[in-house]
Amino acid sequence: MTFSVVADKVHTGTPLSLADGLALYRHPNLMEVGSLANVVRERHHADRTYFNRNLHINPTNVCTAACKLCSFSRRDAQAPGAFVLTVEQAVDKLRARIDAGDKVTEVHIVGGLHDGLPFDYFTRLLSGLKALAPGITIKAFSAVEIFFFHRCYGMPVEEILLRLRAAGLDSLPGGGAEILSPRVREAICPNKCGADEWLEVHRVAHHLGMKSNCTMLFGTVETLDERVEHLLNLRALQAETGGFLAFIPLPFHPENNALGDRPAPTAAEILRTCAVARLMLDNVPHIKAYWVSLGLATAQTALWFGADDFDGTVSEEKIYHQAGALSPQSLSPEAIAAMVRAAGRSPVERDTLYAQFSLVDKREAV
Amino acid sequence: MNAENDADIFGLGRAALAASHSAFAGKAFFVGSRLLQPDSTWLGPSDAVAAIVEEDDLVKVGGLSAARYAGANTLLCQLTSGGLAREAIGLGMRCLVRVPYAAGESPSLRSQRLEQLAALLRQISSIDGIVPTPTGEALGLDTVQFVAACRLASVAFHVVVDLERLGHKLGQLCLSFGADELLGSIVNQRALRLGAHASSNAITRDEAVLLVRAAGFVPCERLAEGRVQAL
C-alpha cells in the first residue's frame, strides 16, 4: 500500500483499512503522515482546540487486577501507600477547588478494582459530588471498573450503569482499553476484563444514551498490527453506536511497574500514533492530546498531528505521575489557552459532552 | 490562516529535514557530556566525551586556557562572542554557539538573530555547530520551528539539541525539524525519575540510540578524539 493511495482515500473520505494503517505507521517520513492527519483535523475542527476545567479524583488505589503496566495500584489495603478515600474526603477535594474559585465543570473519577467496598460507596460518592455541585458533569469509572462492579456485585452491566446514572454518573472515561487484543491483555493485564467485555460495556452505555471516550495504551508488547486492529475495533463500535466523543492515545510509562525494562514510546512515535488515530478513526469526533501523559511540548506539537483537544486543567493526577510522567500536576485555563494559542490554534473551552463551547478571548490569556 | 500555518509548519519542517539529510546523509549524532561548573568541579559522568565549559562560567573558572587545562574540550559560547570562539578553536576545542530564543518574541527579532548567526558562521567556518537555546520555558511548536529556522540558516553546520534544556521528547522532535545532534548527560544506568531524579534529563546510551533511530536517522556516537561510530 503506497502513501499516495492512502492520501487519496483520506482526501475522498474513504475509511482506511488495516493495510492503510500499517502503511501510515511504517512510512519513513513523520512529517508527511502528520500533514495528512492535519487535513482531517482541520476538516473537522478548523483551528479550534478544545479543553475543559476538570478535577481528577482517584477514590482508591487498592486493586485486585495487578496489571503489569500499572504503577498506581496496591494489591491490598494494608500495603504501603494504599489508600481508600472516604466519600467525604472525595467530596472535599471538589469543595476545595470550588472554594479556591476554580470553575470546575467536570469531575473525572477512576480508581482501583477494590473488592472490599460496597456498591453504595460509589453511588454515595456520585450523589455527594452532585449534591455539592449540581451543575457539574461526572465522568467516572472506566469500562474495566464497570465490568468489575458487574462481577463483584452480581448485577448486569446495564443495571450497574442505570444505578450509577441515577446517582449522578453522566459519562464514562475511556481508560482500560489498553490494546483490545486477547494476546496483549493476557500479557499485560490478564485479570482485567477482556477486549470484548470492554467494548460491550461501552456498547451498553451508548445504548442507554451515555457518551464515553476511548483510549489506546501503546508501547508495551503489542505489534503495529494489533494497534491498527485496536483502532478498527473502536471504529466499528462507533459506527454501530456513535457514542464515543474522543479517542485518547496513551503512551506507556515505564517507571515503577513490572514492564519497566521497556523503553517508553518516543515523541516521534507518540505524534505518529496521534496522526494515525486521526486518520483511522474518521468517525470519532475528537482526538485528545492528554498533556499529562504526553508531556506539554509533545501535546502542544500534537495539535498539528491530528489532535484537537488538550484535555483539561487536571488537578490531583496520580496515575501517570506515579509512572514517571514529568508534566505538571495541573494547568490553569489561562496557561492552556496560551499554549494552544502559541501553537497557532484557537482555544475553545468546552463542557464534557462537547455540547457547550466558549471561545477564549485573547485578552483573558496570560 | 490554517493553510498558511500548515504551509509554515510542515513546509518548514520538510525543508529543514531535507537540509539536514543533505548535509549529513541521514545520520544524526549523539554525545554524552559533562559540564565544568563555576566552582571548577565537573557535573556529569566522568567518561563523558564532551567536556563542556559555558562562556558564562569562564571568569569563575579562571578563563578559557584554565578550562582547557582542566579538561574542557568544548566551548558553548554566545552569538556575539566570535573572538572567544576563535580562541577556543585555536586551543583545539570544539566550539558550539548558543542561539537564544524566547516564546512570544517577534519574528523580526528572530530574523535579525538568524542573520547575525549566518554572518558569524561565514566569518568563522570552523565553528562546529549551533545550539538553539530557550531563554524561558521551551514550548513545543515554537522550539521545533526555531530549530528548523536555525537549520535553514546554517545548512552545513551541526544543529545541536541541548537535552538538559529541552528534555528527550522535545529533543527528539527537533531531529524531525532539522537538528542532527543530541547533546546531554548519557549514563550507564538511568535512575528512576523519582525523588531527587524526578526531573533528570539523563538518558542511557541505548535510549539515545532509540531516540535517533525512531526519528528516522542512522545513529552515530561521537567518541573521543573526534572519532564517530555509526551504530
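**Two chains and the strands around β6(A)**

Among contacts in chain B of this predicted model between residues at least 6 apart in sequence, 57% join residues at least 24 apart. Chain B is built from 8 helices and 12 strands, and 54% of its 231 residues count as buried. The C-alpha trace of chain B spans about 55 × 40 × 35 Å along its principal axes. For a compact globule of 231 residues a radius of gyration near 17 Å would be expected, and chain B, at 17 Å, agrees with that. Its exposed surface comes to about 9,700 Å², of which carbon and sulfur atoms supply 52%.

Chain A can be described in the same terms. It holds 14 helices and 11 strands, and buried residues make up 63% of its 366 residues. In chain A, 75% of the contacts with a separation of 6 or more are accounted for by residues 24 or more positions apart. The C-alpha trace extends about 55 × 50 × 40 Å along the principal axes of chain A. A compact globule of 366 residues would have a radius of gyration near 21 Å, and the 19 Å of chain A agrees with this. Chain A exposes about 12,700 Å², with 53% of that area supplied by carbon and sulfur atoms.

Within chain A, strand β6 (residues 211-218) makes a good place to look more closely. Of the 8 residues in β6(A), 7 are buried, so the strand is largely enclosed by the rest of the structure; the cut-off for burial here is a relative accessible area under 20%. Strand β6(A) pairs with strand β5 (residues 171-172) of chain A in the parallel sense, over 2 bridges. In this pairing, Leu172(A) has Ser212(A) of β6(A) as its bridge partner. Strand β6(A) also pairs in the parallel sense with strand β7 (residues 244-251) of chain A, here over 6 bridges. Cys214(A) stands opposite Phe247(A) of β7(A). Between β6(A) and β7(A) the chain passes through helix α10 (residues 224-241) of chain A, and this β-α-β crossover is right-handed.

The β5(A) side of this arrangement can be followed through one residue. Ser171(A) lies in strand β5 of chain A and is buried, with a relative accessible area of 2%; that value falls under the 20% cut-off. Once neighbours within four places in sequence are set aside, Ser171(A) is in contact with Ile138(A), Lys139(A), Ala140(A), Met210(A), Lys211(A), Thr352(A) and Leu353(A). One of these partners, Lys211(A), belongs to the residue range of β6(A).

Helix α9 (residues 195-207) of chain A offers a simple check on geometry. At 1.5 Å a residue, its 13 residues should span 18 Å, and the C-alpha atoms at its ends are indeed 18 Å apart, which agrees. The buried residues of α9(A) are Ala195(A), Trp198(A), Leu199(A), Val201(A), His202(A), Val204(A), Ala205(A) and His206(A). Just after α9(A), Gly209(A) adopts a positive phi of about 90 degrees.

Note on methods: Residues are numbered from 1 along each chain as its sequence is written. Chains are lettered from A and ligands numbered from 1 in the order in which they are written. This is a predicted model: local features need pLDDT of at least 70, side-chain atom pairs count only at pLDDT 80 or more; totals for chains, interfaces and linings use all residues. Side-chain values use heavy atoms; hydrogens and water are left out. Buried means under 20% relative accessible area, exposed over 50%, partly exposed in between (1.4 Å probe, protein chains only). Helices (H or I, at least four residues) and strands (E, at least two) are DSSP runs, numbered from the N terminus. Two strands pair if DSSP finds at least two bridges between them. A crossover is right-handed if, with the strands pointing away from the viewer, the path from the first strand over the helix to the second runs clockwise. The expected span of a helix is 1.5 Å times one less than its number of residues. The radius of gyration is taken over C-alpha atoms; the globule rule is 2.2 Å times the number of residues to the power 0.38. Contact means heavy atoms within 4.5 Å. Accessible areas come from the Shrake-Rupley method with a 1.4 Å probe; for residues, only the protein chains shown count as cover.
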